[in-house]
Structure formats: structure tokens, C-alpha cells
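Please find below some comments on the model, set out as numbered points for discussion. They concern charged side chains, surface exposure and contacts.

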Amino acid sequence: EDQLDVLYEFDTRMLDQVEEISAALDSLQAVLDSGESDKLAPAVRRYVKTVTDVSATFDKRRDTMIDMG
């Protein structure tokens, strides 16, 4: 049961991160639409960091499942 709880925590975190990706993408789109090129780099960095964080969470979940056997 403890193992399922750990996986559930990963799943919950990943669902939260989907919302973070959506928000970062919306922010990036807003910057693109506004034409404010000085805000483009920070918006892209935010999006890339968010996607990288999600990928790391997924990798940790995968590694945890492998360790569980």
C-alpha cells in the first residue's frame, strides 16, 4: 500500500504539472500575440523549465516503478 501511495503522489504531482504547462504555454502565446519581443526569452525559459520539470517527475516515477519490481 505504501508503494501505491508513492505512485499516487507522483500522479497527483504530474496532474498539477499539466496545469503548469498549460499556464506556461498560455503565457508564451500571450507574449507572441503581444509582439513584445523583450518578454519572449523569459516566457520560453519558463515553458522549457516547466516541461523539463515534468519530464524529471515522470522519470522519477518510472524509476520508482522499476525499483518496486
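The points that follow take up the salt bridges, a charged patch and selected residues of the second helix.

1. The model is a predicted one, and the remarks here should be read in that light. A search of the whole structure finds six salt bridges. Three of these pairs are taken up individually below, together with the network to which one of them belongs.

2. Asp11 and Arg61 form a salt bridge through their side chains, with an N to O distance of 2.5 Å. This pair links distant parts of the chain, since Asp11 belongs to helix α1 (residues 2–34) and Arg61 to helix α2 (residues 40–68), 50 residues apart. The partners fall into separate exposure classes: Asp11 is partly exposed because its relative accessibility is 30%, whereas Arg61, at 18%, counts as buried. The cut-off for buried is under 20% relative accessible area, and the value of 18% for Arg61 therefore places this residue in the buried class.

3. A salt bridge within helix α2 joins Lys49 and Asp53. The N to O distance is 2.7 Å. The two residues are four positions apart in the helix, so about one helical turn separates them. Lys49 has a relative accessibility of 52% and therefore counts as exposed; Asp53, at 30%, counts as partly exposed. Exposed requires over 50%, which is why Lys49 at 52% is placed in that class.

4. Arg62 and Asp59 form a further salt bridge, in which the closest N and O atoms are 3.3 Å apart. Both residues belong to helix α2 and are three residues apart, so the separation is about one helical turn. Each is partly exposed, with a relative accessibility of 39% for Arg62 and 29% for Asp59. Asp59, Arg62 and Asp63 are joined into one network by salt bridges that share partners.

5. How far apart are Asp59 and Met14 in sequence and in space? They are separated by 45 residues in sequence, and their C-alpha atoms lie 11 Å apart. Asp59 itself is located in helix α2.

6. Which residues form the negative surface patch? It is made up of Glu1, Asp2, Asp5 and Glu9. Glu9 is part of helix α1 and has a relative accessible area of 56%, so this residue is classed as exposed. Membership of a patch requires over 30% relative accessible area and no salt bridge; Glu9, at 56%, therefore satisfies the area criterion.

7. Thr57 is a residue of helix α2. Is Thr57 buried or exposed? Its relative accessibility is 11%, so Thr57 counts as buried. Leaving aside residues up to four places away in sequence, Thr57 touches Phe10, Arg13, Met14 and Gln17.

8. Thr50 is likewise found in helix α2, and with a relative accessible area of 9% this residue is buried. Which residues does Thr50 touch, not counting those up to four places away in sequence? The contacts of Thr50 are with Glu20, Ile21 and Ala24.

Note on methods
Residues are numbered from 1 along each chain as its sequence is written. This is a predicted model: local features need pLDDT of at least 70, side-chain atom pairs count only at pLDDT 80 or more; totals for chains, interfaces and linings use all residues. Side-chain values use heavy atoms; hydrogens and water are left out. A salt bridge is a side-chain nitrogen of Lys or Arg within 4 Å of a carboxyl oxygen of Asp or Glu. Buried means under 20% relative accessible area, exposed over 50%, partly exposed in between (1.4 Å probe, protein chains only). Patches are made of residues with over 30% relative accessible area and no salt bridge: like charges are joined within 9 Å, nonpolar side chains (Val, Leu, Ile, Met, Phe, Trp, Tyr) within 5 Å. Accessible areas come from the Shrake-Rupley method with a 1.4 Å probe; for residues, only the protein chains shown count as cover. Lys and Arg count as positive and Asp and Glu as negative; His and the chain ends are not counted. The place of a charge is taken as NZ of Lys, CZ of Arg, CG of Asp or CD of Glu. Contact means heavy atoms within 4.5 Å.
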